[in-house]
Amino acid sequence: MSAVTPPLPRWADVFLLPIINLSIALIICGVIIFAIGENPWTALIVMLKGAFVFPGSLGYTLYYTTNFIFTGLAVAVAFHAMMFNIGGEGQAYVGGLGAGLVAVFLAPSLPLLIALPLAIMMAALFGAFWGLVPGYLQAKRGSHIVITTIMFNFIAASLMVWLLSGPLMAPGQMSSQTVRIAESAEMAKIASLLGYVGFKVASSPLNLSFVLAIIALFVFWVLIWKTKLGYEIRAVGQNPEAAHYAGINVSRIIIITLAISGGIAGLMSVNEILGVQHKVILNFTAGFGFTGIAVSLMGRNHPIGIFLASLLFGALYQGGAELDFEFRTITREVVLLIQGLIILFCGALVHMLNPPMARLLARLIKPKELDHV
Amino acid sequence: MTESLSGENQATGSPLALQLKSVSKSFGLVRANRDVDLSVEAGTIHGIIGENGAGKSTLMNILYGLHRADSGEMWIDGELTAIRSSADAIGHGIGMVHQHFMLVPNFSVIENVMLGSEGGSLLKEGRTATLKVLDDLGQNYGMTVDPEAIVSELSVGLQQRVEIIKALKGGARVLILDEPTGVLTPNEAQQLFEILKVLRDDGVTILLITHKLAEIMAITDAVSIMRNGEMVGHRKTRETNPQELAELMVGRQVLLNVDRGVANPAEPLLAVEDLSLTSSGGQELLKKMSFEVRAGEILGVAGVAGNGQSELLEILAGMQQATSGSIQVLGQTITAKDPKDPKSVRAMGVGHIPEDRHHHGLVLEFEAQENIVLGQHDGALAGQGKFLDNRAITAHCRTLMDTYDIRPTNPNLKAKNFSGGNQQKIVIAREMNANPKVLIVGQPTRGVDIGAIEFIHKQLIALRDAGCAILLVSVELDEIMGLSDRIMVMNAGKQVGILDREEANEQKLGLMMAGLSSDQAA
Amino acid sequence: MSEFALQLLYTFDGTIRLATPLILCAMAGIFSERSGVIDISLEGKLLTGAFVAAAVAHTTGSPWLGVGGAILASVCMSMIHGFACITHRGNQVVSGLAINILASGLTVTIGIALFRQGGQTPLLAKGERFGPTEWWLVDLFNHVPILGTIYRELISGHNMLVYLALFLVPVSAFILYKTRFGLRLRAVGEVPAAVDSAGVSVIWLRYRALILAGLLCGIAGAYLSTAQGAGFVREMSAGKGYIALAAVIFGKWRPVPALLACLLFGFLESASSRLEGVPLPLIGEVPTQLMLALPYIMTVLLLAGFIGKANPPKAIGEPYIK
């Protein structure tokens, strides 16, 4: 039908396109800020300072980054099986329940070396369960994964409201939350750890979950490209019929993938519950699960891309908070705007920019490079 | 090679309903139509014949406005016409019956017929008129069908009738039928032909696209032959014969001169007994198949596509489950009650070269080296334990690329970027290298260039001589005759008979493929 | 009239009020999804509509102009969806999600810029919003026992948009089943190639379906901020778009069953607020969260084929490529 599009060189696919998409999103956002009557350039400077320059700001940025690495990886692993898991929000929420149950009820009588790993494991397991069920329903009963995961987000929200304002509510409190978790289940703050070894850094919520996130990135890379399971996940995603032909149990892989995806999303609660809040509170996921979709789309489902995209969104969230202080008319909701635009351009409109880009590049770079294709 | 027709027609002087002048169309790098000329006289049945992939459907889609030609002219009733959409085509009195019906299954017949020509913004207005059209068509051409019936509940033959009614309802003067008999029973096909004859006698011009010679001879007035996207000949049907048409279609003298040598069949390695498959809709796709394939022989399965061969292959490979019956593979028994998945079947020593490499044999987005271990990836070949050994896989891929002459020899190139022949060689290299005791092969040379065909055939013979039991399904009769030691013919999900290669000839097989038993065929 | 019956009556009354935005959004979802376009952006369109309606009504003083503005804005959102999914064959879920997030960001950002009230619009005065409409003869019927009360509380006394929403259900059904447009719309969601082959533009049909979806969501949004509420507050759609989507699925993509699903979901919400802390006979106290989660749970069960079977339009989610 349409003219053939030459394949996009890998560097363009991984770096150039995301940067162009980001620029478009920023420009549109800038136009809106301008229309509101503020100076977009000043806003950008404020955000950059807020994200990287002010004391402690980098810590905050990396703390947000940690959340996005987890939720981004969760979406990405499912994408490799061509499953769209938009239930990261609910999986993280329920993961927090797992972490919280251990940290509140078991941890007080356990040493750190057992309590903390157990709490982390339960965060992953609870999240995995919340992903596994939609995975099972998709694989065995043909329910659309997107709809089911949306519904599961809401079911998770209701469940948590009920638990936190009922059975798990801290006695003698007015707000819906648990009691404080045991210290043995806390993720240590990086600032205090650095303090022990003599580095003085400004305090921030950044905690060891960040290290866990970096490990998760590496494990993700190994899983997807270096293991047989990852091979099967990708095969199911690219061609389920060929996977079936190859003796891969497609349903099983879908269920496993969704469980892994939910498990990684569940780990986000380690950062929030064990690292920062130190109790299970309402809505601690705060939309980070949805941001994971933007992260994954922008990061092209690759760990390096996901890290960079998470860092970007971490900076946007932290820098966006700074907008509240500096401006009267623009707030951190601007970040939602950027996020929405990035999902639009990196995800939904990917076919709009890709082919012209590819054709342009093919014309710029003499066909030598693309010859063998 | 290409003959021009324009002269001929000026000679006969009959009015042309339709004329195409050097129409070309490319999809990417594939040139589906090259400088195609075609002249169709009004009120005739004009056949267009060619092998699968010869460019027939593309040409018809251009005529009907679904594709747009890159260049060339189209004349309708002597006027230069531009058809940009199917709406244009309909406006010029062209109707089309698609190979895959353009029907909404959960709509009633009348809703389907009305779609696109409702006769007003409210359905009520056009309904009465449409009912009358249905009634008229029923009376004039014997095409009766219940207007309120839900389409998905109709037989395939009746569904096609709805398609034809749709095409004719607006008074179409040119009717295009794309492989109309592919899905019909012989009886239904006969009824269709009767209807087409009546339509022709009524002055409708009919374009019949088919790859079946018998249909061309039986019903058309003139025929045009396509090959590789080009028109290679135009004939009056009464002035030609099947042999000439076949030669034009194929365009290559039977190149299947592989030296089969002498087969030394030993004990049966694959035995099928009373194998049946009934679809969820109750269609009997396979009926009590029973046969054996012995070590060191090739059992060819001949038949028109869609007569149960695909289902047979998939069941043998464990990809589908039979409804009843049993399969014995190398002494182990698989029954309908205790089916085995593809992985276990593979583990028994069965290799499978699937009919459709794009759907089943390859993950096109995967690199060649990833594809070279597909299905064997959980074995030691791809690495110990749960991890992939990419270095070993690359080395293995390079070896196979050398042995099987796969080009380009780049293990990291994605499968989609290889030519059809080389893609097929990746599949064949992978399956043969596993040293299967039983090999199930579907359409091994479909869409493969001539050089690769010869290579693939030699490999199959070599594997047979090494003692492998091979079941070969192909719609190419030449291929079956050239490679098989015994030939089983399938029709409508049944095995019509099994012949030794020496007993078989093209005519006999042809009759058996039409459903006559081997005794009748003799 | 007994206390219980009166409570029940109030619950039904609340049901209608809570179901109204769901009904409008569900009809929107039916048009979009029947044409083959997944619409999880009902939520975003609803939110956009709510904001614009309140902003326009406050600025102009006319709630009807508010409705107009809401429709316009919501259709714009729909067109972004169409541009991405129909014209550029983008992923429909991703696009819908982008619109929902965009709507969250835009409404608050613009709201703060316009009104400086933390993302809310100012409280709407009486003339700026839709008030209850007294039906004829309420006073007369008032003296009739039971029926009079039902007439007064349940049937009369709602605002115009409630009646509009209820009226639009049979209209939607009529459009879908009795008109040329509806026939083509239903066909394009099942077998777009059949529509194309019949000489009808698949793209234009789907765009029209999305325009209708935008229009209906716009009215729903206006209802939230200028009829049910008296002004816009941030995130005021609060997942109603998703519940409406659940109702579309629950109603098997048909207007009247979807209406019933909306009423059921509305009833659950209405009852949950009345039953908070009230023990029921036989069952005891039902957690309100369970009742609020029931629509989602039931949709999951239905989709999984545990209660009945839902067959979505066959071509849903698939961009049409010739």
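**Entry 1. Strand S13 of chain B**

I looked up the partner of B:Val301 and found that B:Val301 stands opposite B:Val473 in S18(B). This is read from a predicted model. The two strands concerned, S13(B) and strand S18 (residues 469-473) of chain B, pair in the parallel sense over four bridges.

I then turned to the pairing of S13(B) with strand S19 (residues 486-491) of chain B, and noted that these two strands run parallel and are joined by four bridges. Here I recorded B:Leu299 opposite B:Arg486 in S19(B).

I next asked myself: are the residues of strand S13 of chain B buried or exposed? Five of the five residues of this strand (residues 298-302) are buried, so I describe S13(B) as largely enclosed by the rest of the structure. I checked each face of the strand as well. B:Ile298, B:Gly300 and B:Ala302 are buried on one side, and B:Leu299 and B:Val301 are buried on the other, so both faces of S13(B) are covered.

**Entry 2. The sheet around S13(B)**

I traced the sheet as an open one of six strands in chain B, in the order S16-S17-S18-S13-S19-S20, with mixed pairing. Which strands stand at the edges? I found strand S16 (350-353) and strand S20 (494-500) of chain B there; each has a single partner strand, so one side of each is left without a neighbour in the sheet. I noted an average twist of 15 degrees from one strand to the next.

I also followed strand S17 (residues 438-442) of chain B, which pairs with S18(B) in the parallel sense over five bridges. In that pairing, B:Gly442 has B:Val473 of S18(B) as its bridge partner. I had already met B:Val473 opposite B:Val301.

**Entry 3. Helices on the sheet**

I looked for helices against these strands. Helix H15 (residues 420-433) of chain B lies across S16 and S17 of chain B and runs at about 175 degrees to S16(B). Helix H18 (residues 506-513) of chain B packs on the sheet as well, touching S13, S19 and S20 of chain B. I recorded about 30 degrees between the direction of H18(B) and that of S19(B).

**Entry 4. Domains and confidence in chain B**

I consulted the domain assignment of chain B, which gives domain 1 (6-250) and domain 2 (268-364 + 436-521). I noted 34 Å between the centres of the two domains, taken over C-alpha atoms.

I checked the confidence: chain B averages a pLDDT of 87, and 94% of the residues score at least 70. Over residues 1-11 of chain B the pLDDT is below 50, and beyond near neighbours in sequence this stretch has 13 contacts in the model. Where pLDDT is low, the predicted coordinates should not be read in detail.

**Entry 5. Contacts of chain C**

I examined the contact of chain C with chain A, which takes 37 residues from chain C and 39 residues from chain A. On the chain C side, helix H3 (63-87), helix H4 (92-115), helix H11 (240-250) and helix H13 (288-303) each supply at least two residues. H4(C) gives the most, with 14 residues. By class, I noted 24 nonpolar, eleven polar and two charged residues on this side.

I then examined the contact of chain C with chain B, where 17 residues come from chain C and 21 residues from chain B. Helix H8 (180-190) and helix H9 (192-197) of chain C each supply at least two residues of the chain C side. That side has eight nonpolar, three polar and six charged residues.

Terms used: Residues are numbered from 1 along each chain as its sequence is written. Chains are lettered from A and ligands numbered from 1 in the order in which they are written. This is a predicted model: local features need pLDDT of at least 70, side-chain atom pairs count only at pLDDT 80 or more; totals for chains, interfaces and linings use all residues. Domain bounds come from an automatic or database domain assignment. Two residues are in contact if their C-beta atoms, placed from the backbone, lie within 7 Å. Ala, Val, Leu, Ile, Met, Phe, Trp, Tyr, Cys and Pro count as nonpolar, Asp, Glu, Lys and Arg as charged, and the others, Gly among them, as polar. A residue is buried if 20 or more other C-beta atoms lie within 10 Å of its own, exposed if 12 or fewer, and partly exposed in between; C-beta atoms are placed from the backbone. Two strands pair if DSSP finds at least two bridges between them. pLDDT is the predictor's confidence in each residue, from 0 to 100. Axes are lines fitted to C-alpha atoms, for helices over the stretch in contact, and angles run from 0 to 180 degrees between N-to-C directions.
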